[in-house]
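Grab a pencil and work through these exercises with the structure open beside you. Try each task yourself before you read the solution.

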Amino acid sequence: IFDFSSATKLGRIITTSTDATGGELAVYTGQSGNAAERMRIDSSGDVGIGTSSPSYRLHLAASSATDGPQIRLQNTSTGINTGGTAGVIDFYANDASSGGTGISGFIKNVFVNSGVASALTFGTRNSGDAVERMRIDNSGNFMVATTGNVAASGAGGNEGFYYQAGDFLAIARSGGQVVYLNRLDSDGDIL
């Protein structure tokens, strides 16, 4: 379809079908007259980068003994605020029949110190849009159902599970059983 070339650089966009039953679109780039396929959109709409046979809506492939394919989400702002994000992956559902339309899950990188330190957060939903359920902070601390240390004095009644990397585990709840341990057989002590 298109052929762009100069003495040292080459680019092509071509179709790979000769009939109207369903074609594919391929993008080639290269230098010094040697072009290689870099991306393909197949007849079902699957996009392959690094592969000419995509198996998914987006299929990334790399041939390397040390590095597989990588995706980068980049916030290019030079003044990121606390609470801002470097990137978000949203999982969106479109099931309007049962009120399921909306963000059903996410993975988010949140800045906790004006772009210097960050936390990786994970969200799921029960209804409405997803909310944060789990966090790994900039010190490697792991939290479930809380965003802070549930054992710290003045924690304000935070409930949840908190593991401070290399130090301690805290579980807090305002009512009911805090910890439930179950041995599946009679071999050994629980604690």
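Before you start, two terms: strands (E, at least two residues) are DSSP runs numbered from the N terminus, and two strands pair if DSSP finds at least two bridges between them. You're looking at a predicted model, where local features need pLDDT of at least 70, side-chain atom pairs count only at pLDDT 80 or more, and totals for chains, interfaces and linings use all residues. Residues are numbered from 1 along each chain as its sequence is written, and side-chain values use heavy atoms, with hydrogens and water left out.

**Exercise 1: confidence**

Task: find where in the protein chain confidence is lowest and where it is highest.

Solution. Start with the score itself: pLDDT is the predictor's confidence in each residue, from 0 to 100. Next, take the whole protein chain: its mean pLDDT is 84, and 91% of its residues reach 70 or more. Now go element by element. Strand β1 (residues 2-5) has the lowest confidence, with a mean of 70, while strand β9 (residues 118-124) has the highest, at 95.

**Exercise 2: the open sheet**

Task: work out the order of the seven strands in the open sheet, and say which strands stand at its edges.

Solution. Step one is the order: β7-β8-β9-β10-β11-β12-β13, with antiparallel pairing. Step two is the edges: β7 (85-95) and β13 each have a single partner strand, so one side of each is left without a neighbour in the sheet. Step three is the twist: ignoring direction, neighbouring strands of this sheet are turned by 15° against each other on average. That angle is taken between axes, which are lines fitted to C-alpha atoms, and angles run from 0 to 180 degrees between N-to-C directions.

**Exercise 3: β9 and its neighbours**

Task: follow β9 and find its bridge partners, its hairpin and the way its side chains point.

Solution. Look at one neighbour: strand β8 (residues 100-111) pairs with β9 in the antiparallel sense over seven bridges. Gly 105 has Thr 124 as its bridge partner in β9. Now turn to the other neighbour: β9 and strand β10 (residues 131-136) are antiparallel too, over five bridges. Here Thr 124 has Val 131 as its bridge partner in β10. β9 and β10 make a hairpin with six residues between them, and Gly 128 in the turn has a positive phi of about 65°.

Last, check the side chains. You need a scale for this: buried means under 20% relative accessible area, exposed over 50%, and partly exposed in between (1.4 Å probe, protein chains only). Ala 119, Thr 121 and Gly 123 point to one face and are buried, whereas Ser 118, Leu 120, Phe 122 and Thr 124 point to the other and are not. In general, side chains in a regular strand alternate between the two faces of the sheet.

**Exercise 4: an unusual phi**

Task: find what is special about the phi of Ala 145, and where Ala 145 sits.

Solution. First, the background: most residues other than glycine have a negative phi. Ala 145 has a phi near 65°, a positive value in a residue other than glycine. Ala 145 lies in the loop between β11 and β12 and counts as exposed, at 56% relative accessibility. Just before the loop, the strands themselves are worth a look: β11 (residues 142-144) and β12 (residues 160-164) pair in the antiparallel sense over three bridges, and Val 144 has Phe 161 as its bridge partner in β12.

**Exercise 5: salt bridges**

Task: how many salt bridges does a search of the whole structure find, and which residues are linked in a network?

Solution. Rule first: a salt bridge is a side-chain nitrogen of Lys or Arg within 4 Å of a carboxyl oxygen of Asp or Glu. The search finds four. One of them joins Glu 24 to Arg 40, with the closest N and O atoms 2.5 Å apart. This pair links distant parts of the chain, 16 residues apart: Glu 24 is in the loop between β2 (9-15) and β3 (25-31), and Arg 40 is in strand β4 (residues 34-41). Arg 40 also meets Glu 37 in a salt bridge (2.7 Å, N to O). Put together, Glu 24, Glu 37 and Arg 40 form a network of salt bridges. Within it, Arg 40 is buried at 9%, while Glu 24 is partly exposed at 24%.

Terms used
Helix = DSSP H or I, 4+ residues; strand = E, 2+ residues; numbered from the N terminus.
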